[in-house]
Amino acid sequence: MASESQLQAKRPVSASLAGPYGHPFHPILVTVPIGAWVTSLVFDIASHVVHRPGFLTQSSEWLIAVGVIGALLAAMVGFLDLFAIPAGTPAFRTALVHMTLNLLVTAAYVVNFLWRHGDYAGGAGVGIGPLVLSALSIVALAISGFLGGKLAYRYGVRVADENTQAEGYTSGRGRNGTRPAV
């Protein structure tokens with residue numbers, strides 16, 4: 001049986017902003033920065049392999065910008081989810097670390113964008129400094145993602161309760177094993 005604090009963490013503070021019960025917007029929105037930043041790192045590495053890397057260098061820079069914008073949107077919705085978690089709980093502490101890491105990663109990518117934007121050498125590969133910063137940022141993002149998974153899959157934050165989940169496992173048969181009349 002779920003406690004009152006567990007049930008509180010499953011419900012949105014604002015369904016119109018954070019997503020309806022059992023279907024939060026935060027996990028949907030985080031795919032934008034994750035995809036953009038991972039792809040930018042792939043482009044950074046590829047810029048050291050191809051003959052004319054300028055298109056990869058420039059694409060990587062703009063993917064970082066797209067990721068920052070997506071991260072800010074995901075952070076706003078994630079902040080609403082944070083409000084649903086009771087303070088002082090292990091879930092709340094995990095959420096604070098998750099949020100802090102994500103904000104640090106986003107700040108690192110803002111710095112990375114500005115560094116690249118001011119240092120773009122028209123057609124050259126990505127510099128080693130920005131490449132290393134991207135790689136370290138992805139590592140921090142992976143750790144934060146692990147914590148986000150812990151919030152959803154271990155603590156059940158913004159996940160439908162077990163009775164609602166059980167609806168997906170019913171066969172459609174009545175209690176006596178027969179199909180209900182239609």
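**Phe113 and the core around it**

I started at phenylalanine 113 in this predicted model. Skipping neighbours within four places in sequence, I find phenylalanine 113 in contact with Glu61, Trp62, Ile64 and Ala65.

Next I looked up which core holds Phe113. It belongs to the largest nonpolar core, a set of 12 residues. The other members are Trp37, Leu41, Ile64, Ala65, Val68, Ala71, Val105, Tyr109, Ile138, Ala140 and Leu141. Two of the contacts of phenylalanine 113, Ile64 and Ala65, are on that list too.

Which helices supply at least two residues each to this core? I get H4 (31-46), H5 (54-84), H6 (90-119) and H7 (128-154). H5 gives the most, four residues. Another core, of seven residues, lies apart from this one; Ile85, Ala91, Phe92 and Val157 are among its members. As a general note to self, nonpolar side chains in soluble globular proteins tend to be buried together.

**Whole chain**

I stepped back for the totals. The protein chain has eight helices and zero strands, so I write the order from the N terminus as α-α-α-α-α-α-α-α. Of its 182 residues, 36% count as buried. I also checked the contacts between residues at least 6 apart in sequence: 73% of them join residues at least 24 apart. The chain exposes about 10800 Å², and carbon and sulfur atoms supply 69% of that.

**Helix H4**

I tested the length of H4 first. With 16 residues at 1.5 Å each, H4 should span 22 Å, the expected span being 1.5 Å times one less than the number of residues. The end C-alpha atoms of H4 are 22 Å apart, which agrees.

Then burial: Pro33, Ala36, Trp37, Ser40, Leu41 and Asp44 are the ones I noted as buried in H4. How do they sit around the axis of H4? They fall within an arc of 135°, so they line one face of the helix. Trp37 and Leu41 are on the list of the 12-residue core as well.

**Two polar residues on H4**

Serine 40 is in helix H4, and I wanted to know whether it is buried or exposed. Its relative accessibility is 0%, so it counts as buried; the cut-off is under 20%. A polar atom of the serine 40 side chain lies 2.8 Å from the backbone oxygen of tryptophan 37. Leaving out neighbours within four places in sequence, serine 40 is in contact with Ser60, Leu63, Ile64 and Tyr109. Ile64 and Tyr109 are both members of the 12-residue core.

Aspartate 44 is in H4 too. I looked up its relative accessible area, and at 0% aspartate 44 is buried. What does aspartate 44 contact, leaving aside neighbours within four places in sequence? I list Ser60, Arg116, Val126, Leu131 and Ser134. Ser60 also turned up in the contacts of serine 40.

**Helix H7**

I ran the length check again here. The 27 residues of H7 should span 39 Å at 1.5 Å a residue, and its end C-alpha atoms are 38 Å apart, which agrees. The buried residues of H7 are Pro130, Leu131, Ser134, Ser137, Ile138, Ala140, Leu141, Ser144, Leu147 and Leu151. Ile138, Ala140 and Leu141 are in the 12-residue core. After H7 comes glycine 156, with a positive phi near 70°.

Leucine 131 is in H7, and at 16% relative accessibility it counts as buried. Not counting residues up to four places away in sequence, I find leucine 131 touching Leu41, Asp44, Ile45, His48, Arg116 and Val126. Arg116 and Val126 are contacts of aspartate 44 as well. I also took the C-alpha to C-alpha distance from leucine 131 to asparagine 112: 8.8 Å, at 19 residues apart in sequence.

**Two pairs far apart in sequence**

Glycine 78 lies in helix H5. At 17% relative accessibility, I count glycine 78 as buried. Glycine 78 and phenylalanine 25 are 53 residues apart in sequence, yet their C-alpha atoms are 8.2 Å apart.

My last stop was valine 30, in the loop between helix H3 (26-29) and H4. Valine 30 has 22% relative accessibility and counts as partly exposed, because buried means under 20%. From valine 30 to glycine 67, I get 37 residues in sequence and 9.1 Å in space, C-alpha to C-alpha.

Notes:
Residues are numbered from 1 along each chain as its sequence is written. This is a predicted model: local features need pLDDT of at least 70, side-chain atom pairs count only at pLDDT 80 or more; totals for chains, interfaces and linings use all residues. Side-chain values use heavy atoms; hydrogens and water are left out. A nonpolar core is a set of buried Ala, Val, Leu, Ile, Met, Phe, Trp, Tyr and Cys residues joined through side-chain atoms within 4.5 Å. Buried means under 20% relative accessible area, exposed over 50%, partly exposed in between (1.4 Å probe, protein chains only). Contact means heavy atoms within 4.5 Å. The arc is that of the directions from the helix axis to the C-beta atoms. Accessible areas come from the Shrake-Rupley method with a 1.4 Å probe; for residues, only the protein chains shown count as cover. A polar contact is a pair of N or O atoms within 3.5 Å; within protein, one must be able to donate a hydrogen and the other to accept it, and residues adjacent in sequence count only if both atoms are side-chain atoms.
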